[in-house]
Amino acid sequence: MKNKTIIFTLVILLTLTGCSSNSTDIIKIKHLLYTPYISWLDGGNKIAFISNISGSPDIYTVKIDGTRLRRFTDDGVDKYYFSFSPDGKKLVIQDYNGNHLVDSVTRKRKMLPVGKNFIWSPDNNKIAFIYPTNNQIYTVDNDGENIKQLTFLSNKKSRSAYPLQQLRY
């Protein structure tokens, strides 16, 4: 399954960057991918992804034409997941040390609660996530404060909690 995910992500990245499918492009791009997480940035002009080009999984950005590859994080800590706010000013990073809210300009970090599948509200004001112990949906303000539980499903039903993409604010 991991190979299928990487190949699927590779096809998406090749398609979005306009690369041809010849072997040189595939080899060049293949080494950039680390996880299947990619994200649009800058109004669709850039893509962010996790790569181990530097030896440890970090977040990188690249313009959609394949130019201006930039390393966004450089702390030597393995990254597992990230989610940029719609305006690109903040992001949530899930790494070996936990979950962090990061200012994309200053790179200042604030710890976030234990959670998974962090997504931003369209207005940048809230972050929704699933608390792994009870599989309930929570929100937190974009400054990492005011945690609020949104769902109160029984354990049996919480395994199929509502898809986060369908949340409305």
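Relative accessible area sorts residues into three classes: buried means under 20%, exposed over 50%, and partly exposed in between, computed with a 1.4 Å probe on protein chains only. The structure is a predicted model, in which local features need pLDDT of at least 70 and side-chain atom pairs count only at pLDDT 80 or more, whereas totals for chains, interfaces and linings use all residues. Residues are numbered from 1 along each chain as its sequence is written, and side-chain values use heavy atoms, with hydrogens and water left out.

**First stop: Asp75, Lys79 and Asp58**

Select Asp75, which is partly exposed, with a relative accessible area of 35%. Then add Lys79, which forms a salt bridge with Asp75 (a side-chain nitrogen of Lys or Arg within 4 Å of a carboxyl oxygen of Asp or Glu). The closest N and O atoms of this pair are 2.5 Å apart. In contrast to Asp75, Lys79 is buried, at a relative accessible area of 0%.

Next, add Asp58, whose side chain meets that of Lys79 in a salt bridge with an N to O distance of 3.3 Å. Asp58 lies in strand β3 (residues 58-63) and Lys79 in strand β5 (residues 79-84), so this pair ties together parts that are 21 residues apart in sequence. Strands here are DSSP runs (E, at least two residues), numbered from the N terminus. Asp58 also counts as buried, at 0% relative accessibility.

To display the wider network of salt bridges, extend the selection to Asp58, Arg71, Asp74, Asp75, Lys79, Asp95 and Arg109, which are linked in it. A search of the whole structure finds eight salt bridges.

**Second stop: Glu145 and Lys110**

Select Glu145 and Lys110, whose side chains meet in a salt bridge at 2.3 Å, N to O. Glu145 lies in the loop between β11 (136-141) and β12 (148-149) and Lys110 in strand β8, so the pair ties together parts that are 35 residues apart in sequence. Glu145 counts as partly exposed at 39% relative accessibility, and Lys110 counts as partly exposed at 32%.

**Third stop: Arg107**

Move to Arg107, in the loop between β7 (98-103) and β8 (109-111). At 35% relative accessibility, Arg107 counts as partly exposed. Leaving aside neighbours within four places in sequence, Arg107 is in contact (heavy atoms within 4.5 Å) with Phe72 and Val102. Display the backbone oxygen of Phe72, which lies 3.2 Å from a polar atom of the Arg107 side chain. Finally, select Lys90: its C-alpha atom and that of Arg107 are separated by 8.9 Å, the two residues being 17 residues apart along the chain.

Notes
Helices (H or I, at least four residues) and strands (E, at least two) are DSSP runs, numbered from the N terminus. A polar contact is a pair of N or O atoms within 3.5 Å; within protein, one must be able to donate a hydrogen and the other to accept it, and residues adjacent in sequence count only if both atoms are side-chain atoms.
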